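Hi there,

Here is the structure I promised to pass on to you. Have a look at it first, and then read on for my notes.

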Amino acid sequence: MTRSPSAGPPVTTSTRARIIDESLRLFAERGYAATSVAEIEAAAGLSPGAGGLYRHFRSKYEVLSAAINEHAARTRTQVADGLAELSGMETSVDLEVRLSRLCRAGLAKVREESELTRVFFRDLSQFPELVAVVREGLLQPMFDAITTWFGSQPEYRDAEVDWASIGAVLGGAVVHYRLFQETVGLTPGNTEKDQFVSAWVRLAVGLLPSPAPVT
């Protein structure tokens, strides 16, 4: 592979990371039970059936557990970084613009986890401990982020609002939009993303009390 002189060093992926990535892809496509260790090894560039996976993991379950835990850890970091970025927006930016960016960030995050979503619905009922990781490590941080964001906006600093419930309604809408698309193959009501975002913003503004003047 050639690179231009200005390009940075080539990005390499460790064998362990390849195993995790390819296993999650295969679990999403075929299901956990239907995916063999040998198939994961082949997809990760290892000799199928030669035991390469076991140099990094003790079992297929440990690969699944590692994938989910690493996604959860990454989500916590992404949510913190995303909140910092959104919070850094100037308050002079129109509230509806800020709401739109919040909604789009949530949609992007749920879409990023599309493979894990399919595994969650197809296979994780047999692993309640991993369901808890998804709930506490991926879903709850997203809902908490929405609640934190709304509560920190200067327009609503004096509003007595149940932010957790509002976060559940608005965050649930974002999650449902992408989950519906992943499981059914269509968006709810065949609504385009821009239409959804626009409606979400209008509902968000309508659900909240009249903004206090920013001083």
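Below are my notes on two pockets, a pair of helices and one residue in a loop. Please keep in mind that this is a predicted model.

**The largest pocket**

A good place to begin is the largest pocket, which holds about 450 Å³ of space. Its lining is made up of 23 residues, and those nearest the centre are Gly 82, Leu 86, Leu 102, Ala 105 and Gly 106. If you want to find the walls, look at helix 3 (60-87), helix 4 (95-112), helix 6 (128-152) and helix 7 (163-184), the elements that give two or more residues to this lining. Helix 4 contributes the most, with eight residues. Sorted by class, the lining has 15 nonpolar residues, along with four polar and four charged ones.

**The second largest pocket**

Next comes the second largest pocket, with about 190 Å³ of space. Here 13 residues form the lining, and Thr 117, Val 134, Leu 139, Val 175 and Leu 179 lie nearest the centre. At least two lining residues come from each of helix 4, helix 5 (114-123), helix 6 and helix 7. By class, this lining has 10 nonpolar residues, one polar residue and two charged residues.

**Helix 4 against helix 6**

Both helices have already come up, so how do helix 4 and helix 6 pack? The angle between them is about 170°, and their axes are 12 Å apart. An angle over 145 degrees counts as roughly antiparallel, and helix 4 and helix 6 are therefore roughly antiparallel to each other. On the helix 4 side, the residues that meet helix 6 are Leu 95, Arg 98, Leu 99, Leu 102, Gly 106, Lys 109 and Val 110. Their partners in helix 6 are Met 142, Trp 149 and Phe 150. This contact consists of seven nonpolar, one polar and two charged residues. Leu 102 and Gly 106 may look familiar, as they are among the residues nearest the centre of the largest pocket.

**A residue to look at in a loop**

Finally, do take a look at Asn 190, which sits in the loop between helix 7 and helix 8 (193-207). Most residues other than glycine have a negative phi. Asn 190 is not a glycine, yet its phi is positive, at about 55°. Is Asn 190 buried or exposed? Its relative accessible area is 51%, so Asn 190 counts as exposed, the cut-off being over 50%.

Happy exploring, and best wishes!

Notes: Residues numbered from 1 in each chain as written. Predicted model: local features only at pLDDT ≥ 70, side-chain atom pairs only at ≥ 80, totals over all residues. Heavy atoms only, no water. 1 Å grid on protein atoms, 1.4 Å probe; cavity = no way out; pocket = protein on both sides within 12 Å on 5 of 7 lines; lining within 4 Å. Points joined across faces, edges and corners; volume = space filled by probe spheres on them. Helix = DSSP H or I, 4+ residues; strand = E, 2+ residues; numbered from the N terminus. Nonpolar A, V, L, I, M, F, W, Y, C, P; charged D, E, K, R; others polar. Buried < 20%, exposed > 50% of the residue type's maximum accessible area, 1.4 Å probe, protein only. Axes fitted to C-alpha atoms, helices over the stretch in contact; angles between N-to-C directions. Parallel < 35°, antiparallel > 145°, perpendicular 65-115°, else oblique. Contact = heavy atoms within 4.5 Å.
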